[in-house]
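Please look over the chain shown here. A short report on selected positions and on the overall fold follows.

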Amino acid sequence: MLTIQFGQCGNQVGHTLFSKVSSDMECVNTGVSYNANYEYSEDTFNKWFSNISKDNKRLARAILVDTEQKVIHKVYNDVSPSWMYSTKNVICQSGGGCANNWAFGYLIKGYELSDVILNCVRQEVEAMDHFDGFFSFLSSAGGTGSGVGSYITKLLREEYDKKSIVTTAILPFSFGEVCTQNYNTLLTLTKLYNESDINILIENEQIHGMCTNLLKKSSTSLQDMNEIISEKLLAVLQPINHVTHSINSLLSKIACHPSYKIATIKSTPHVPTTSAKYEPMYNWSSYTRHLKQTLRIPNLNSQLTDVELKMPSNSLSNNMHHAYACSISNILVTRGVTTERDTIITDEFKEKHLYAEWNTIEWFSHFHQNRKFLNHDKFLALITNNSQISHPLDTLLSKAWNSYVHSAYLHHYKKFGLEDDDFLQAFATLENVVKEYKELVSHVKQ
């Protein structure tokens, strides 16, 4: 697997992720035997790192791309005692960024950087004994991650048409990061949906809420948010017991239909590091029930608490009837030690009423890893492809359309070659995606 980090956000998230990978490898209290831990570390190294440097540090198998030097240099020079980036894989074009403009990033900067990026990709791919595919990070709000990231993804699809492409796109806060964020996100998601095999969407608002409510952060930093994002991704992607857990195996289960290629990740528990040892421990059933409740949707005009922003609770009875999002598929990944008295039961996720009526096989998978994850006694992640995703995308479409009909900021895009037809095609594509998800019908309604 080759990781590509685009823009300021992509590089910051990628750096935090590789730091978390190293921390996970170096954990002492693993809960498994020396041999099992050694095998886990070997599998982790082979997935995320390419070699050992002269300074005896792990070399991340990653390519860093940006159009501004400040962030990428800070990320590269943030020295870690255990890992580092390869100098030859740092691609940064001087002369300013993409001005929060998708068109500038896609049509100008992407083209200018394409040869050097693709050459770097080829060198990394040729050095691998086995290549599963690409794993990229980008923000949809700015210009570099969205525009350059979209353009390079298109080229990767053309050159590596048989390999998997998984993109992790960070969606902006709804109250605004930049004035052009809705256009940028619209255009980015449209391109990625066409070119990628699966798109993992991360909502900044949701991550910020988790920092505030679960980590008790009075002042949440980007680093705090990046750590939660990294934990979510790694909880899904780190090695699993006796399973070849590649990108391809993930795709075949979670994005089994070409019209539904969007996933989100629910995870638990997230607790402050300083008070982790004082937090109450729940059994596996409490955690799995908690994750199932994150799939709930409101009935009619009723309001619904976001369950992922709360700690697990036994107050929700199994006998209560709730409405759930209609899922294409779900994958539950559990990490930690099980006992005879505390086993993992996943029957609730197998119920037919949770899934699309046309999907009759393999709608749910469960993978387990006995080894503790980042010193958590128990940690769970649910990667889910379900109808909930239509809500943030519908909101995005509404805001972008409202700007478009008033011709707001369009001149910024048209001066770089984007036309009205490009916008209208993007609207039509994303509207169709939202329509498909909204019209999902489960076996039985509750």
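## Asn194 and its surroundings

Asn194 counts as partly exposed, because its relative accessibility is 47% and the partly exposed class lies between 20% and 50%. The model is a predicted one. Asn194 sits in helix H6, which covers residues 181-195. A polar atom of the Asn194 side chain lies 3.3 Å from the backbone oxygen of Thr190.

Beyond its neighbours within four places in sequence, Asn194 touches Lys261 and Thr429. Cys27 lies elsewhere in the chain: 167 residues separate Asn194 and Cys27 in sequence, and their C-alpha atoms are 39 Å apart in space.

## Asn199 in strand E9

Asn199 belongs to strand E9, residues 198-203. Is Asn199 buried or exposed? Asn199 is buried, because its relative accessibility is 4% and the cut-off for burial is under 20%.

Which residues does Asn199 contact, apart from its neighbours within four places in sequence? The set is Thr167, Leu192, Tyr193, Lys261, Ile262 and Ala263. Lys261 is thus listed for Asn199, and Lys261 is also listed for Asn194.

## Two buried residues towards the start of the numbering

Ile4 lies in strand E1, residues 2-6. Its relative accessible area is 0%, so Ile4 is buried. Leaving out neighbours within four places, Ile4 contacts Ile63, Val65, Val121, Phe134, Phe135, Ser136, Phe137 and Leu156. Ile4 and Ile152 are 148 residues apart along the chain, yet their C-alpha atoms are separated by 10.0 Å.

His15 is in helix H1, residues 7-25. With a relative accessible area of 11%, His15 is buried. Outside its neighbours within four places in sequence, His15 meets Gln5, Val75, Asp78, Trp83 and Tyr85.

## Backbone geometry in loops

Where is the cis peptide bond? It joins Thr268 and Pro269, with omega about 0 degrees. Pro269 is placed in the loop between strand E10 (262-268) and helix H10 (284-293). Thr268 also has a partner from further along the chain. The C-alpha atoms of Met311 and Thr268 are separated by 7.9 Å, with their positions 43 residues apart along the chain. Met311 is in the loop between H10 and E11. At 26% relative accessibility, Met311 counts as partly exposed.

Two other loop residues have positive phi values without being glycine. Lys216 has phi near 55 degrees. It lies in the loop between helix H7 (204-213) and helix H8 (222-237). Lys216 counts as exposed because its relative accessibility is 63%. Glu362 has phi near 50 degrees. Its loop runs between strand E11 (327-336) and strand E12 (364-369). Glu362 counts as exposed too, because its relative accessibility is 57% and exposed means over 50%.

## The chain as a whole

The chain has 13 helices and 13 strands. Its C-alpha atoms fill a box of roughly 65 × 60 × 45 Å along the principal axes. How does the radius of gyration fit a compact globule? A compact globule of 446 residues would have a value near 22 Å; the chain has 21 Å, so the two agree.

Of the 446 residues, 58% count as buried. Among contacts with a separation of 6 or more, 83% come from residues 24 or more positions apart.

## Surface and charge

The chain exposes about 19800 Å². Carbon and sulfur atoms supply 48% of that area.

How many charged side chains of each sign are there? The chain has 40 positive and 45 negative side chains. The centres of the two sets lie 4 Å apart.

Conventions
Residues numbered from 1 in each chain as written. Predicted model: local features only at pLDDT ≥ 70, side-chain atom pairs only at ≥ 80, totals over all residues. Heavy atoms only, no water. Helix = DSSP H or I, 4+ residues; strand = E, 2+ residues; numbered from the N terminus. Rg over C-alpha atoms; globule rule 2.2 N^0.38 Å. Buried < 20%, exposed > 50% of the residue type's maximum accessible area, 1.4 Å probe, protein only. Contact = heavy atoms within 4.5 Å. Areas by Shrake-Rupley, 256 points an atom, 1.4 Å probe, with all protein chains shown as cover. Lys, Arg positive; Asp, Glu negative; His and termini not counted. Charge placed at Lys NZ, Arg CZ, Asp CG, Glu CD. Polar contact = N/O pair within 3.5 Å; in protein donor to acceptor, adjacent residues only side chain to side chain.
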